[in-house]
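The following exercises concern packing and burial in one protein model. Please inspect the sequence and the structure before working through the solutions.

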Amino acid sequence: MSKQKRLKKELGTGYRFEQRFSAKNLARMLERLEGSNHFRVVAILTAGAVRLEAVVYWDNGKYSLGYDLMVKDTPFSPEWICYENLPDPVRYDAWNLEREMFQVLDRAVQKYGLSYTECRFPKLDGSSVKRK
């Protein structure tokens with residue numbers, strides 16, 4: 001059994017893939033976008049406490065596709081924190097985008113010492129102002 005299938009089974013509803021645009025619709029959208037204020041999440045792979053988002057962003061006068069690696073400060077937190085922008089090329093027209101994104105995510109999890117099931121960061125409490 002592949003690592004991806006094992007994780008799907010282990011994480012249950014904690015594993016989810018969402019592709020928001022077909023490759024054809026994404027290409028059409030990229031042609032129509034103008035200006036530098038558009039940021040779109042086009043696909044999301046969530047695996048427990050880590051998430052990979054394929055995003056459209058403005059770079060050097062044109063739109064590009066990239067990956068944002070997201071983490072949680074606790075496994076049950078509703079909020080995601082951007083951990084790293086990955087240099088891996090986005091192959092949005094890949095035959096199996098979910099598998100492609102899982103491979104990128106798994107490499108990043110290994111590289112940065114992250115975990116699918118637990119938080120590897122100390123919880124940081126917000127700063128507070130003390131009255132004098």
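Contact here means heavy atoms within 4.5 Å. The model is predicted: local features need pLDDT of at least 70, side-chain atom pairs count only at pLDDT 80 or more, and totals for chains, interfaces and linings use all residues. Residues are numbered from 1 along each chain as its sequence is written, and side-chain values use heavy atoms, with hydrogens and water left out.

**Exercise 1.** Determine which residues leucine 105 is in contact with, leaving aside its neighbours within four places in sequence.

Solution. Step 1: the partners of leucine 105 are Leu45, Ala47, Val50, Arg51, Leu52, Leu69 and Tyr116. Step 2: Leu105 also belongs to the largest nonpolar core, which has 30 residues, and is listed with Val50, Tyr67, Met101 and Tyr116 as having the most contacts inside it. Such a core is a set of buried Ala, Val, Leu, Ile, Met, Phe, Trp, Tyr and Cys residues joined through side-chain atoms within 4.5 Å. Step 3: helix 3 gives the most to this core, with seven residues.

**Exercise 2.** Establish whether threonine 46 is buried or exposed, and identify its side-chain polar contact.

Solution. Step 1: threonine 46 is found in strand 2, strands being DSSP runs (E, at least two residues) and helices likewise (H or I, at least four), numbered from the N terminus. Step 2: its relative accessibility is 8%, so threonine 46 counts as buried (under 20% relative accessible area; exposed is over 50%, partly exposed in between; 1.4 Å probe, protein chains only). Step 3: the side chain of threonine 46 makes a polar contact with that of arginine 51, at 3.1 Å (a pair of N or O atoms within 3.5 Å; within protein, one must be able to donate a hydrogen and the other to accept it, and residues adjacent in sequence count only if both atoms are side-chain atoms).
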